[in-house]
Amino acid sequence: MDSQEINVVLHENRTFPPSKAFQDKAHISGMDAYNALYKKSIEDPDTFWAEAASELHWFKPWDKVFDDSEKPFFKWFTGGKTNLCYNCVDRHLDGPNRNKAALIWEGEPGDSRVLTYFDLHREICKFANGLKSLGVQKGDRIAIYLPMIPELAMALLACARIGAVHSVIFAGFSADSIKDRVLDMDAKFVITGDGSWRRGKALNLKALVDEAVEGVDCVEKVVVVKREQSDAFTCSMKEGRDVWYHKLVKDQSQNCPAEELDSEDMLFLLYTSGTTGKPKGIIHTQGGYMVYTYLTAKYIFDLKPEDVYFCTADIGWVTGHSYLVYGPLANAATCIMYEGAPNHPDNGRFWDIVEKYGVTIFYTAPTAIRAFMKWGDKWPQGRDLSSLRLLGTVGESINPEAWMWYHKTIGAEKCPIVDTWWQTETGGAMLSPLPGVTATKPGSATLPFFGIDAAVVNEDGKETEAGLLTIRKPWPAIMRGIYGDPERYKSTYWCKWDGEYYFPGDGAKVDDDGYFWILGRVDDVVNVSGHRIGTAELESVYVEHPSTAESAVIGIKHEIKGQCLASFVTLKDGIEESEDLKKELNELVAKKIGKFAVPEKIIFTSDLPKTRSGKIMRRLLRDIAEGRALGNVTTLADPSVVESLKCQYSED
Ligand code: WTA
């Protein structure tokens, strides 16, 4: 975080109070109600969370709401038996929601599918029975590498139903990345598809899975979903290992009892980047995650029976898990799921979807909003967006300019904007306005959700105006650990403040109204278009190349993506710099991680700026890359490195 950023947020004084019309109908009736409930949630969390959990179905009630006996491995609703899939689907079958649209899916080419809660139940049961027939058992890890098709949502729910642990791998990851994850989670099963459409082009997924699981002994079966009855996608099936999904489910019963699972049974793993080269498998469990995503979805999106809710996130990331699938379905919402790119066949595709289905709640990322701004107002203005009543954003701080555009051009100045701050590790939204309650300020995630004791503190844990964001009390959806690496969980998230407070890795500022302003990551994680990429992951890819000696990867500002990557690479003696070598390095990153992680810029340098103890000074690299005056260079081992780098960077 730098002083420039703090200044920008300090000068943002505009405030947008909720409209009376919205407030009159909102779940939480206003600031007094919020304050009272917030107070209760902090002072008496057991009662607060017990009441929230009671809105859901439990086969057996919990013995204890919260258990911190193995701190920081917290447990919630211990002794309780429940099932998240049951709560997302079966719970809605006995009443008016039985025939309500649960999932409205829009394919990129324009094909569509509507699944009612009854339909969804049938398809999930058949899927779950199919998985069981292959030998899937409670606790087995299932890697899911699917595009945004309905079967992806069903796959999650089918796993949750039988207690199998799903781990979705975003369909942009390379074969090598799939393999790393499959090995780390020791997956017995993989669910994938033959392909998908992206900007009118056929994406073939199966070949990547074939490459990834070749020679991997733990994988017994690969289930393959056929995207459509056409030859668009090439796909070969391996005898004895690969199974077509449509054949697997064809004769299965449409009833599959939901397993009565322990509240602390594992629900999913989701890999995310950290400060080392190895991604972390974040663990979430059934009960606490269910209660938290249910309640946050209900209040933050103010879900009403008639809403049509459109979350543009891919289910490959946590937003898709919590706020496309689990949270909204637990609330019996109607959810839109879109397969493809926002600019296909033209830049108005999202607005076409809003118009076509009468979307009332729209949740997207700042990077998308900046792209819409760049494409121009004519796209949204050419569509009827009058059904919208609430907007949301997630993934990074939204710059006030983009916020204002969203507010005016998409929200017609009448829709509240909920800027939700959270992480894969937190399971659900932690800081966010409540619509109809919180007066919003462009760029601020405003106030904590119920039960969230957030603060901005210094290294000593004392509250301060600008510093590190921390959460001082556990909440039901807090991660339960890192798969296979409990020590890393402790050393990453509980490394500060005597292990008493959770450390999310973000810098923040708090203003006079107690509003939070997120200033970005304070570790070596870069947020590219809302996707977390660990710079160490790229650095470890570069050192695998025979020509490179050393590298340092940093995140720099980018107009649309928020941040992008720049790599400084030193070559081994005798190796010539060349465009071909840059290309090779980029290809290596695409192969090892995925195309989305390829840096914007590679700069070859004879040396990297280091302290006398040999630590690379990334801050200086960022200053050089963003053209800022250089800060203190006196600690450098060789100050001349910086001058030559500055010249090289400006030439590139
Ligand atoms: C950043 C995505 C500012 C933050 C849900 C966090 C945000 C990381 C916001 C988690 C926001 C997410 N304002 N920053 N509203 N939302 N972030 O795990 O740095 O993919 O630590 O979860 O994104 O990214 P993740």
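W197 and F233 are both buried in this predicted model, and the two residues also form an aromatic pair, with 5.2 Å from centre to centre and 55 degrees between the planes, an arrangement that counts as tilted. This pair links distant parts of the chain, since W197 sits in strand β9 (residues 195-198) while F233 belongs to the loop between β11 (221-225) and β12 (242-244), 36 residues apart. The points below set out a second ring pair, a cluster of rings, and then the chain as a whole.

**A second aromatic pair**

- The ring centres of Y292 and F449 lie 5.8 Å apart with their planes at 85 degrees, and because planes over 60 degrees apart count as edge-to-face, this pair is placed in that class.
- Y292 is part of helix α11 (residues 286-300), whereas F449 is found in the loop between β20 (417-420) and β21 (454-457), so the pair ties together parts of the chain that are 157 residues apart in sequence.
- Y292 has a relative accessible area of 0% and is buried, and F449, with a relative accessible area of 1%, is buried as well.

**Aromatic rings across the chain**

- The count of aromatic pairs comes to 50.
- One cluster, linked by ring pairs, includes W58, W62, F66, F73, F74, W76 and F77, and it also takes in W475, Y489, Y493, W494 and Y502.

**Fold and overall dimensions**

- The chain is made up of 652 residues, and its secondary structure comprises 21 helices and 29 strands.
- For a chain of 652 residues, a compact globule would be expected to have a radius of gyration near 26 Å, and the value for this chain, 24 Å, agrees with that expectation.
- Taken along the principal axes, the box filled by the C-alpha atoms is roughly 75 × 65 × 60 Å.
- Among the contacts in the chain with a separation of 6 or more, 71% are accounted for by residues that stand 24 or more positions apart.

**Burial, surface and charge**

- Of the 652 residues of the chain, 62% count as buried, and the residues of both ring pairs described above are buried too, namely W197 and F233 together with Y292 and F449.
- The accessible surface of the chain comes to about 24,600 Å², and carbon and sulfur atoms contribute 49% of that area.
- The chain carries 75 positive and 93 negative side chains, and the centres of these two sets lie 2 Å apart.

Notes. Residues numbered from 1 in each chain as written. Predicted model: local features only at pLDDT ≥ 70, side-chain atom pairs only at ≥ 80, totals over all residues. Heavy atoms only, no water. Helix = DSSP H or I, 4+ residues; strand = E, 2+ residues; numbered from the N terminus. Rg over C-alpha atoms; globule rule 2.2 N^0.38 Å. Buried < 20%, exposed > 50% of the residue type's maximum accessible area, 1.4 Å probe, protein only. Contact = heavy atoms within 4.5 Å. Areas by Shrake-Rupley, 256 points an atom, 1.4 Å probe, with all protein chains shown as cover. Lys, Arg positive; Asp, Glu negative; His and termini not counted. Charge placed at Lys NZ, Arg CZ, Asp CG, Glu CD. Phe/Tyr/Trp six-rings, centres within 6.5 Å; stacked < 30°, edge-to-face > 60°.
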